[in-house]
Amino acid sequence: MARKIKLTRSVEVAAEVDVLVAGGGIGGCPAAVAAARAGAKTMLVDRFGYLGGNMGPGMFSGGVLHLAIEQKFEQLQRLFGISGEFVSRCEAHTDHLLGRDYFRDSQVVAYVWQRMMEESGVDLLLNACATDPIMEDDTIGGLIIETRSGPVAVRAKVTIDATGNAEVGKRAGAEMLEGARYVHPGMYFAIANVDTAKYLAWLPTVQVSEEDDKWAMDVQKTLGSWGSGHMRNLFPLMRQAWRVGEYRFIKPIGTIGAVTVDHGFYKPVRDIIGGQVGVADSNLTSDTTRQIDVGNHRVMQELEQGCRQYIFETAQFMRRYVPGFENSHLHMISPYFHNRGCQGMICEYRLTKEDAANGARFDDVIFQDYTNEPGQTYDFPYRQLVPKGVNGLLATGKSAIIDPPSNRARWKMLMLGEVTGAAAALAVQQDVTPGKIDVHRLQAILREKHRHPLREV
Ligand SMILES: Cc1cc2nc3c(=O)[nH]c(=O)nc-3n(C[C@H](O)[C@H](O)[C@H](O)COP(=O)(O)OP(=O)(O)OC[C@H]3O[C@@H](n4cnc5c(N)ncnc54)[C@H](O)[C@@H]3O)c2cc1C
């Protein structure tokens with residue numbers, strides 16, 4: 001039997017746009033709005049039916065986002081430009097800082113992005129998967145998109161890879177970072193109908209013995225997992241359940257890794273308690289390097305199924321064993337299963353840990369973050385968004401930013417997404433490939449139109 005089948009097919013050109021954004025997540029949404037508001041005819045494609053990526057379907061609506069707003073930005077108070085507008089508009093629908101209530105806020109995130117897309121004139125193509133790039137030599141001219149009605153072609157002057165996994169770049173032949181980086185996949189879930197007052201009153205009364213701690217540590221070492229300390233107060237009950245074979249608080253998934261509620265359970269909101277599971281690789285070599293093969297869909301499927309099964313079993317354990325959970329039930333598991341780190345594209349410049357620590361300065365600065373020294377910043381260069389090896393392409397979000405992990409925090413992804421959209425629109429206006437735009441003009445646009453507090457170069 002032949003090992004390969006050659007595909008040749010004619011595909012209808014459904015649209016011709018200036019800017020095509022693949023991925024409507026944290027980086028892709030502000031990119032599309034920024035490009036459209038700058039006058040570019042813009043289309044955004046996402047495989048889900050609703051927007052927000054990690055903050056929408058992912059249900060991780062805040063995390064470092066509200067920490068950034070509260071702490072790091074003391075002197076700045078808010079995010080800026082489209083990112084700031086997005087956060088403010090979300091908070092007009094909540095009675096708290098965005099991200100305090102993951103479960104509720106993720107719906108607000110999806111709603112607000114949808115409204116901002118409509119108002120900016122972004123053409124949305126949802127429940128649609130970006131697949132093969134349309135290539136002419138080493139220039140990308142759009143994408144083949146699988147829709148419910150079949151495949152269509154969308155031609156574009158500039159394509160932005162905001163898939164969170166460099167899926168477009170990889171198929172287009174961009175230079176890819178070899179080996180997975182800090183993969184650490186995770187998933188959010190919520191248990192409802194919890195008597196949260198009873199649970200919270202019980203928690204501090206728990207006596208965790210030395211044997212309980214030792215037992216948990218031994219399990220952790222054997223299975224190569226981490227982070228289970230968040231559940232320390234549950235160790236005595238988990239130990240009981242483990243002894244009778246009812247529940248494994250760290251559970252292997254095949255030979256790939258082990259899952260646990262590594263971020264613990266979150267502060268309850270009304271009768272709902274959310275939690276986050278994470279997978280650690282079984283060949284864990286260091287805290288930041290894990291070897292899960294994220295490019296292998298079978299591996300990712302096995303992990304996702306393993307996580308879903310484990311979450312169900314965790315909810316059952318909580319119901320059977322934990323005070324306050326007697327009448328509880330598993331309410332939902334996020335449809336989004338993703339990695340914190342991933343495969344990414346090698347761009348014209350790759351920021352390093354040292355750059356971040358030493359306050360690096362670049363002439364093509366397009367964003368500034370804070371070092372650990374009070375008041376000191378370091379620059380993100382525009383080259384960090386320009387993939388090597390493919391023309392007509394920009395990368396944003398996790399597809400572009402690989403190291404160090406703190407650079408992929410949500411608030412930075414939002415701001416950089418916005419920068420990417422502005423750059424794509426400028427490339428269209430200047431009729432050049434994104435790598436050749438006038439970066440000083442981009443910097444001026446970011447300062448004047450987006451109100452980003454970018455230093456003068
Ligand atoms: C489990 C987990 C926990 C995290 N915790 C934190 C935290 O506490 N604080 C923090 O600041 N950051 C955290 N992060 C990091 C942060 O969320 C990411 O860096 C950020 O989401 C990256 O944005 P993105 O736009 O690249 O990806 P995403 O937000 O994931 O968006 C990617 C989008 O692309 C779409 N897509 C993918 N492939 C295709 C395709 N082929 N066709 C069409 N659409 C496609 C997806 O549906 C999705 O909407 C976490 C990440 C994960 C995965």
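This report describes the nonpolar cores and the salt bridges of a predicted model. Residues are numbered from 1 along each chain as its sequence is written, and side-chain values use heavy atoms, with hydrogens and water left out. Local features need pLDDT of at least 70 and side-chain atom pairs count only at pLDDT 80 or more, whereas totals for chains, interfaces and linings use all residues.

The largest nonpolar core (buried Ala, Val, Leu, Ile, Met, Phe, Trp, Tyr and Cys residues joined through side-chain atoms within 4.5 Å; buried means under 20% relative accessible area, exposed over 50%, partly exposed in between, with a 1.4 Å probe and protein chains only) has 90 residues, and Phe86, Trp113 and Met117 are among those with the most contacts inside it. Helix H11 (residues 410–430) gives the most to this core, with 13 residues; helices are DSSP runs of H or I with at least four residues, numbered from the N terminus. Apart from this core lies another of 46 residues, including Val183 and Phe325.

A search of the whole structure finds 23 salt bridges, each a side-chain nitrogen of Lys or Arg within 4 Å of a carboxyl oxygen of Asp or Glu. Three of them are listed here.

| Pair | N to O distance |
|---|---|
| Asp95 and Arg104 | 3.8 Å |
| Arg115 and Glu119 | 3.6 Å |
| Lys214 and Asp218 | 2.8 Å |

Arg115 and Glu119 are separated by about one helical turn because they stand four residues apart in helix H4 (residues 102–120). Lys214 is exposed at 52% relative accessibility, while Asp218 is partly exposed at 32%. Salt bridges that share partners join Arg37, Glu85, Arg89, Arg115, Glu118 and Glu119 into one network.

Definitions and conventions
Helix = DSSP H or I, 4+ residues; strand = E, 2+ residues; numbered from the N terminus.
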